[in-house]
Amino acid sequence: MVTGIHAQIAVTDPDSCPASSISETFDVESVTVNQHATPTTTGVVGELTVDHTEGRKTEPEGANEVYRDETKSVYRYAQDDGECPCRRVPTHGCPVRNLRVDSGRLVVSFITPDLETLRAVVTDLRPCCGSVAVQRLTRSKATDERSLLFVDRTAFTDRQYEVLETAHSMGYFDSPKGATAEAVADEIGISAATFVEHLSVAQTKLLDQILDE
């Protein structure tokens, strides 16, 4: 029975990440990473494709050019520092499947066996990053005919997500209810009418994503 979760997380200000540092100065078209091992350590090797049509003369620090044509260059770097997200995520048994980087921000995709492992990855990354946010989860459906469920957190405003999260944590959706609309609204610091309005919009967005699949 397949129960894996395809996760996409956004990481800002990651410590010791060459790809992130380079993207603060260069326009990175793509980046790939692979695990590598030596007798004493395990790290990652990455390659970045950089647009050089603007005639940049500087070279990315900590990376070596391995390919060049009329419009782009490919730079390769090695990273053995355990603080790099591309190094930390695979230690949870979740190889990095896709990586995007722009202006110091990493978007990392990987498959995790369950939510507990995903929480462990997020918890592990927080001390070495400015912020860690789950952007999308794709869960395998445990039936003979597998389907995918997409939940895109970027579809919600910060307030809508806060309303959903607080209502859930306080038991508003439980039966019987663990909290009233007034109690949840008071916890957030908004009126009950505003809470109901935000909740209605957020639930509609959530159901649209689920039921349109």
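## Salt bridges and helix α4

R119 and E116 sit three residues apart in helix α3 (residues 115-125), a spacing of about one turn of the helix. Their side chains meet in a salt bridge, with N and O at 3.9 Å. The model you are looking at is a predicted one, and a search through the whole structure finds six salt bridges. Three of these pairs are described here, beginning with this one in α3.

How exposed are the two partners in α3? R119 has a relative accessibility of 52% and therefore counts as exposed. E116, at 53% relative accessibility, counts as exposed too. The cut-off behind both labels is a relative accessible area over 50%.

Helix α4 (residues 158-169) offers another pair to look at. Here the side chains of E162 and R159 form a salt bridge, 2.8 Å from N to O. Because E162 and R159 are three residues apart in α4, about one helical turn separates them. E162 has a relative accessible area of 30%, so it is partly exposed, and R159 is partly exposed as well, at 32%.

The pair E47 and R76 takes us to the strands. The closest N and O atoms of this salt bridge lie 2.5 Å apart. It links distant parts of the chain, since E47 belongs to strand β3 (residues 42-51) and R76 to strand β5 (residues 72-79), with their positions 29 residues apart. E47 counts as partly exposed because its relative accessibility is 25%; R76, at 39%, also counts as partly exposed.

Here are the three pairs side by side:

| Salt bridge | N to O distance |
|---|---|
| E47 and R76 | 2.5 Å |
| E162 and R159 | 2.8 Å |
| R119 and E116 | 3.9 Å |

Let us return to α4 for its geometry. What span should its twelve residues have at 1.5 Å a residue? The expected value is 16 Å, and the C-alpha atoms at the two ends are 16 Å apart, so the model agrees with it. If you would like to check the arithmetic, the expected span takes 1.5 Å times one less than the number of residues.

Which residues of α4 are buried? They are Q160, V163, L164, T166 and A167. The salt-bridge partners E162 and R159, by contrast, are partly exposed. Just after the helix, G171 adopts a positive phi of about 85°.

How values were computed. Residues are numbered from 1 along each chain as its sequence is written. This is a predicted model: local features need pLDDT of at least 70, side-chain atom pairs count only at pLDDT 80 or more; totals for chains, interfaces and linings use all residues. Side-chain values use heavy atoms; hydrogens and water are left out. Helices (H or I, at least four residues) and strands (E, at least two) are DSSP runs, numbered from the N terminus. Buried means under 20% relative accessible area, exposed over 50%, partly exposed in between (1.4 Å probe, protein chains only). A salt bridge is a side-chain nitrogen of Lys or Arg within 4 Å of a carboxyl oxygen of Asp or Glu.
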